[in-house]
Amino acid sequence: MDCLFCKIINGEIPSAKVYEDEYVYAFKDINPQAPVHVLVVPKTHICCADKIAAENSVNVAKVFEAIPKIASTLGLTNGYRVINNCGEDGCQTVKHIHFHVLGGKKLPETMA
C-alpha cells in the first residue's frame with residue numbers, strides 16, 4: 001500500500017508522535033494552522049469518512065476516545081476543534097481518514 005499515513009504509522013516515515021495506542025496514532029501536523037495542530041489517525045486504513053462501515057467503525061470510535069486524552073496532554077484545557085476533510089471538495093489530501101485537532105488559542109468561528 002502506498003499510503004503516506006500508513007507509512008508514518010509503520011515507522012517508515014518519521015513523524016513527531018504525540019500519542020499511540022493499539023488502535024490510534026497521533027502526530028504533529030507539518031503545516032500547523034494553530035499553535036497546536038495534531039493529526040489523529042486510526043491504525044487501520046480507512047480511506048475516508050464515506051467508507052466508515054459497521055465492520056470498521058470501532059477504529060473511528062477509538063480515535064474519538066483518544067482525542068480527549070491527547071488534548072489533555074497537549075494542554076488544551078480551554079477547548080479545541082476537531083476537523084475531518086472528506087474527498088476532493090472537502091480538501092482531503094491524504095486518502096487515510098484523519099482528524100485534525102487544533103487549539104492553543106481562541107480559534108475563529110469559521111475556517112473556510
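By class, three nonpolar, five polar and three charged residues make up the lining of the second largest pocket. That is a handy place to start a look around this predicted model. The pocket in question holds about 170 Å³, and its wall draws on Leu 76, Thr 77, Asn 78, Gly 79, Tyr 80 and Arg 81, together with Gly 103, Gly 104, Lys 105, Lys 106 and Leu 107.

Now for the largest pocket, with about 500 Å³ of space. It has 24 lining residues, and Asp 29, His 37, Leu 39, Thr 93 and His 100 sit closest to its centre. Two or more lining residues come from each of helix H1 (4-9), S2, S3 and S5; H1 gives the largest share, with three. Here the lining splits into 15 nonpolar, seven polar and two charged residues.

Here are the two pockets together:

| Pocket | Volume | Lining by class |
|---|---|---|
| Largest | about 500 Å³ | 15 nonpolar, seven polar, two charged |
| Second largest | about 170 Å³ | three nonpolar, five polar, three charged |

Next, the packing. Which residues have the most contacts inside the largest nonpolar core? They are Val 40 and Ile 70, in a core of 17 residues. Strand S2 (24-28), strand S3 (36-42), helix H2 (57-73) and strand S5 (99-103) each put in two or more residues, and H2 supplies the largest share, six residues.

Val 40 is worth a closer look. Once you set aside its neighbours within four places in sequence, Val 40 is in contact with Val 24, Tyr 25 and Ala 26, with Val 63, Ile 67 and Ile 70, and with His 98, Phe 99 and Val 101. Apart from this core there is another one, made of ten residues, including Cys 3, Cys 6, Ile 8 and Ile 9.

S5 keeps turning up, so to speak, and how many of its residues are buried? Five of five, which makes S5 a mostly covered strand. Both of its faces are covered: on one side Phe 99, Val 101 and Gly 103 are buried, and on the other His 100 and Leu 102 are too.

S5 also has strand partners. S3 and S5 run antiparallel and are joined by five bridges, with Val 38 standing opposite Val 101. Strand S4 (residues 80-83) is likewise antiparallel to S5, through four bridges, and there Arg 81 stands opposite Leu 102. Back at the pockets, Arg 81 also appears in the lining of the second largest one, while His 100 of S5 is among the residues closest to the centre of the largest.

Terms used:
Residues numbered from 1 in each chain as written. Predicted model: local features only at pLDDT ≥ 70, side-chain atom pairs only at ≥ 80, totals over all residues. Heavy atoms only, no water. Core = buried A, V, L, I, M, F, W, Y, C linked by side-chain atoms within 4.5 Å. Buried < 20%, exposed > 50% of the residue type's maximum accessible area, 1.4 Å probe, protein only. Contact = heavy atoms within 4.5 Å. Pairing = 2+ DSSP bridges. 1 Å grid on protein atoms, 1.4 Å probe; cavity = no way out; pocket = protein on both sides within 12 Å on 5 of 7 lines; lining within 4 Å. Points joined across faces, edges and corners; volume = space filled by probe spheres on them. Nonpolar A, V, L, I, M, F, W, Y, C, P; charged D, E, K, R; others polar.
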